[in-house]
Amino acid sequence: MWNEIKSNIYSASVYFREFILFLVFVVVIIFLLIEKLTLSIPLILLLLVTGFIILNLIGRRRIKEIDEIKNIIASIRKSIYKSSDEIILSEHLSGLENEIKEMFEKAKNDIEYLERLQRMRSQFLANVSHELRTPIFSIQGFIETLLNGAIDDPKVNRHFLQKANQNTVNLSNLLNDLIDISMIESGEMRMSYRYFDINNFIQNILNEFIPLAEEKSIKLIFNPSKEGLQVFGDKDKLRQVLVNLLQNAIKYTDEGSIEILLAEEKKFVNISVRDTGIGIPEADLNRIFERFYRVDKARSRAVGGTGLGLAIAKHIIEAHNSKIIVQSTLGEGSIFSFMLKK
């Protein structure tokens with residue numbers, strides 16, 4: 001009992017200065033109003049006893065509140081609560097309760113974000129390891145075959161060397177894409193925005209793909225917009241986007257055409273790449289911009305590519321305060337489009 005009282009008094013000691021000031025004030029009033037000392041002393045003693053009792057009550061209440069808060073914090077630390085609605089304090093601590101709930105929600109969201117980030121990092125490392133292993137093992141296999149005697153066989157030695165060389169090219173492309181996406185996601189990739197002629201820009205890129213398209217008998221179509229039409233953006237990064245979209249269109253189009261369309265609006269120019277290729281299943285449309293995601297893994301590997309091109313393109317377009325939109329019908333073709341500021 002006495003230990004509890006001492007604990008209560010000690011807890012209430014934070015108010016001791018105010019309590020002493022109050023006592024001094026009351027004692028002075030008593031001496032001023034009551035002239036007889038014999039009456040003043042009992043009143044002062046009564047005041048002291050009353051003050052002691054009040055301090056004890058204040059201390060007990062304060063300990064109860066602190067214990068209540070400590071229990072809540074301990075429960076949060078032990079992950080007992082699943083929702084902030086489970087956090088309940090006394091009515092007079094409602095303001096603190098709201099603050100703790102907000103802190104709990106923020107901590108919960110931060111933890112979930114870190115866990116999700118860790119899963120993505122682990123998955124990314126696993127994907128990178130797998131993607132690197134494929135060309136490395138292929139190169140190793142071709143070289144071993146040549147060293148084991150195939151190098152002296154004119155029928156196969158050049159073929160194996162060409163295959164090994166192609167895998168070194170694939171490996172180089174993969175490493176370059178990994179560097180690009182790492183710099184983009186870390187914010188280290190610098191953008192250089194300026195106005196440039198969109199018609200000349202697209203025509204120069206299309207000219208590079210004419211031989212590749214002719215090999216598959218695919219028509220490349222581009223009808224320029226009005227002469228001198230200027231758009232605002234990073235020319236080099238946007239070239240990377242269009243090159244990726246055209247490469248994909250040619251890879252997955254066996255016949256028909258690939259067309260680049262320009263639609264001029266009041267403040268923007270909409271750029272679309274439309275093909276008559278195999279199309280994308282509806283279930284995969286929301287995932288094609290994920291790193292290393294392939295709709296048809298067997299065909300994707302057969303026609304080449306790192307699995308990072310669309311992810312990089314998405315980041316570049318978003319850096320231009322725009323968004324890549326994809327529309328596709330299985331067996332009929334796809335349209336990838338984005339907008340640039342005029």
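## Overall composition

A residue counts as buried when its relative accessible area is under 20%. In this predicted model, 35% of the 342 residues of the protein are buried by that criterion. The accessible surface of the protein amounts to about 22,000 Å², and carbon and sulfur atoms account for 57% of that area.

Nine helices and seven strands make up the secondary structure of the protein. Taking contacts between residues at least 6 apart in sequence, 68% of them join residues at least 24 apart.

## Salt bridges

The protein has a count of eight salt bridges. One of them is formed by the side chains of E208 and R239, with an N to O distance of 2.6 Å. This pair links distant parts of the chain, since E208 lies in helix α6 (residues 198-215) and R239 in helix α7 (residues 235-251), 31 residues apart. E208 is partly exposed, at 45% relative accessibility. R239 is partly exposed as well, with a relative accessible area of 32%.

A salt bridge also joins E259 to R274, where the closest N and O atoms are 2.8 Å apart. Here the link runs between two strands: E259 belongs to strand β4 (residues 257-264) and R274 to strand β5 (residues 268-275), and the two residues are 15 apart in the chain. E259 has a relative accessible area of 15%; because the cut-off for buried is under 20%, E259 counts as buried. Its partner R274 is partly exposed, at 35%.

E290 and R287 form another salt bridge, the closest N and O atoms being 3.0 Å apart. Both ends are partly exposed: E290 has 33% relative accessibility, and R287 has a relative accessible area of 36%. In addition, a network of salt bridges links K226, E264 and K342.

## Packing of α7 and α9

Two packed helices are described by the angle between their axes and the distance between the axes. For α7 and helix α9 (residues 309-319), the angle is about 145 degrees and the axes are 9 Å apart. The crossing of α7 with α9 is left-handed.

On the α7 side, the contact is made by K237, L238, Q240, V241, N244, L245 and N248. On the α9 side, G309, L310, I312, A313, I316 and I317 take part. Sorted by class, the contact comprises eight nonpolar, four polar and one charged residues. An α-helix has 3.6 residues a turn, so residues three or four places apart point the same way. Such spacing can be followed in the contact through Q240, N244 and N248 of α7, and through I312 and I316 of α9.

## Surroundings of α9

Which residues of α9 are buried? They are G309, L310, A311, I312, A313, I316 and I317. The buried residues of α9 pack against α7, and also against α5 (157-185) and β7 (333-341).

α7 therefore has two roles in this description, as its residue R239 pairs with E208 of α6, while other α7 residues, among them L238 and V241, contact α9. After α9 comes N321, which has a positive phi, near 55 degrees.

How values were computed. Residues are numbered from 1 along each chain as its sequence is written. This is a predicted model: local features need pLDDT of at least 70, side-chain atom pairs count only at pLDDT 80 or more; totals for chains, interfaces and linings use all residues. Side-chain values use heavy atoms; hydrogens and water are left out. Helices (H or I, at least four residues) and strands (E, at least two) are DSSP runs, numbered from the N terminus. Buried means under 20% relative accessible area, exposed over 50%, partly exposed in between (1.4 Å probe, protein chains only). Contact means heavy atoms within 4.5 Å. Accessible areas come from the Shrake-Rupley method with a 1.4 Å probe; for residues, only the protein chains shown count as cover. A salt bridge is a side-chain nitrogen of Lys or Arg within 4 Å of a carboxyl oxygen of Asp or Glu. Axes are lines fitted to C-alpha atoms, for helices over the stretch in contact, and angles run from 0 to 180 degrees between N-to-C directions. A crossing is left-handed if the near helix is turned anticlockwise from the far one by less than a right angle, and right-handed if clockwise. Ala, Val, Leu, Ile, Met, Phe, Trp, Tyr, Cys and Pro count as nonpolar, Asp, Glu, Lys and Arg as charged, and the others, Gly among them, as polar.
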